[in-house]
Amino acid sequence: MEDLRIEKMDQQSAREIADRWKYGGEYAFYDMTADPEDYAEITSPEQRGERYFSVFSGSALAGFFCVEREGEAVELGLCLRPDLTGRGLGQAFLRTVLWYVEERFAPEAIRLRVASFNRRAVKVYERAGFERTGTARVSTNGGIYEFVMMERRRGA
């Protein structure tokens with residue numbers, strides 16, 4: 001990936017992600033169309049608010065992330081474009097996102113949750129200093145799924 005650039009998410013990027021990004025196999029779980037609430041949130045400027053950011057590689061949309069403040073911590077959700085997954089690009093993408101979040105929000109901790117089946121994402125997060133803090137069963141995408149809860153403390 002070329003140098004990555006972060007911008008507040010605009011409607012064009014939101015629509016591209018929500019309507020065109022399709023993951024294969026079990027990763028279809030991450031398609032925005034798989035969860036009506038997620039789809040509505042990302043496609044509505046009012047619901048997206050100031051929490052969603054697009055990540056570009058050159059002029060191409062490469063991924064996105066959202067940040068939710070929780071006291072001194074932030075909850076982070078992030079996604080790489082489907083055709084870029086599984087190619088060893090996750091670490092560079094995550095480093096860029098973490099740098100931005102730490103600079104802009106200065107959290108004591110960054111928390112995230114990842115579907116338990118997504119072992120490759122868990123590995124990327126662990127390499128970046130995230131530690132497992134537990135698991136949770138979450139109602140989403142029309143079912144109940146197990147998620148790994150992870151956290152990275154400031155300075156990790």
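## A chat about the sheet, the pocket and a few residues

Tutor: In this predicted model, strands β2 and β3 form a hairpin with two residues between them. Gly58 sits in the turn and has a positive phi of about 65°.

Student: OK, and how many bridges join β2 to β3, and which way do they run?

Tutor: Six bridges join them, and the two strands run antiparallel. To take one position, Val55 has Gly63 in β3 as its bridge partner.

Student: What about β1 and β2, how are those joined?

Tutor: By five bridges, and β1 and β2 also run antiparallel. Val55 turns up again here, as the bridge partner of Ile6.

Student: Is β2 buried or exposed?

Tutor: Six of the six residues of β2 are buried, so the strand is largely enclosed by the rest of the structure. Both of its faces are covered. Tyr52, Ser54 and Phe56 are buried on one side, and Phe53, Val55 and Ser57 are buried on the other.

Student: Zooming out, what order do the strands come in across the sheet?

Tutor: The sheet is open and has seven strands, in the order β1-β2-β3-β4-β5-β7-β6. The pairing is mixed.

Student: Mixed meaning what?

Tutor: In general, strands of a sheet pair through backbone hydrogen bonds, either parallel or antiparallel. In this sheet, β1 and β2 run antiparallel, while β4 and β5 pair in the parallel sense over three bridges. In that parallel pair, Glu75 stands opposite Arg111 in β5.

Student: Which strands stand at the edges?

Tutor: β1 (4-8) and β6. Each has a single partner strand, so one side of each is left without a neighbour in the sheet.

Student: And how much are neighbouring strands turned against each other?

Tutor: By 30° on average, with direction ignored.

Student: Where does helix α1 lie?

Tutor: Helix α1, residues 11-20, lies across β2 and β3 and runs at about 100° to β3.

Student: Which strands does α4 touch?

Tutor: α4 packs on the sheet and touches β1, β2, β3, β4, β5 and β7. The direction of α4 makes about 150° with that of β4.

Student: Different topic. How much space lies in the largest pocket?

Tutor: About 1,400 Å³. It is lined by 48 residues, and the closest to its centre are Tyr30, Gly77, Leu78, Cys79 and Arg113.

Student: Which elements give two or more residues to that lining?

Tutor: They are α2 (36-43), β3, β4, α4, β5, α5 and β6. By class, the lining has 25 nonpolar, 10 polar and 13 charged residues.

Student: What about closed spaces, how many cavities of 30 Å³ or more are there?

Tutor: One. The space in it is about 30 Å³. Its lining is made of Ile17, Trp21, Tyr23, Tyr30, Asp31, Met32, Phe64 and Cys79. Seven of those residues are nonpolar, none is polar and one is charged.

Student: Tyr30 and Cys79 sounded familiar.

Tutor: They were named for the largest pocket too, among the residues closest to its centre.

Student: Now some single residues. Is Arg81 buried or exposed?

Tutor: Arg81 is buried, because its relative accessible area is 18% and the cut-off for buried is under 20%. Its place is in the loop between β4 and α4. Leaving aside neighbours within four places in sequence, Arg81 is in contact with Trp21, Tyr23, Ala60, Leu61, Ala62 and Gly63.

Student: And Arg127, buried or exposed?

Tutor: Arg127, which is in helix α5, counts as exposed at 62% relative accessibility. Arg127 and Gln91 are 36 residues apart in sequence and 8.0 Å apart in space, C-alpha to C-alpha.

Student: Where is Glu146 found?

Tutor: In strand β7. Glu146 is partly exposed, with a relative accessible area of 37%. Apart from neighbours within four places in sequence, Glu146 is in contact with Val114, Ala115, Ser116, Thr135, Ala136 and Arg137.

Student: Last one. What is the phi of Ala106 near?

Tutor: It is near 45°, a positive value in a residue other than glycine. Most residues other than glycine have a negative phi. Ala106 is found in the loop between α4 (90-105) and β5 (109-115), and at 42% relative accessibility it counts as partly exposed.

Methods
Residues are numbered from 1 along each chain as its sequence is written. This is a predicted model: local features need pLDDT of at least 70, side-chain atom pairs count only at pLDDT 80 or more; totals for chains, interfaces and linings use all residues. Side-chain values use heavy atoms; hydrogens and water are left out. Helices (H or I, at least four residues) and strands (E, at least two) are DSSP runs, numbered from the N terminus. Buried means under 20% relative accessible area, exposed over 50%, partly exposed in between (1.4 Å probe, protein chains only). On a 1 Å grid over the protein atoms alone, a cavity is a set of points where a 1.4 Å probe fits but cannot get out, and a pocket is an open set with protein on both sides within 12 Å along at least five of seven lines; lining residues have an atom within 4 Å of a point. Grid points are joined across faces, edges and corners, and a volume is the space filled by probe spheres set on the points. Ala, Val, Leu, Ile, Met, Phe, Trp, Tyr, Cys and Pro count as nonpolar, Asp, Glu, Lys and Arg as charged, and the others, Gly among them, as polar. Two strands pair if DSSP finds at least two bridges between them. Axes are lines fitted to C-alpha atoms, for helices over the stretch in contact, and angles run from 0 to 180 degrees between N-to-C directions. Contact means heavy atoms within 4.5 Å.
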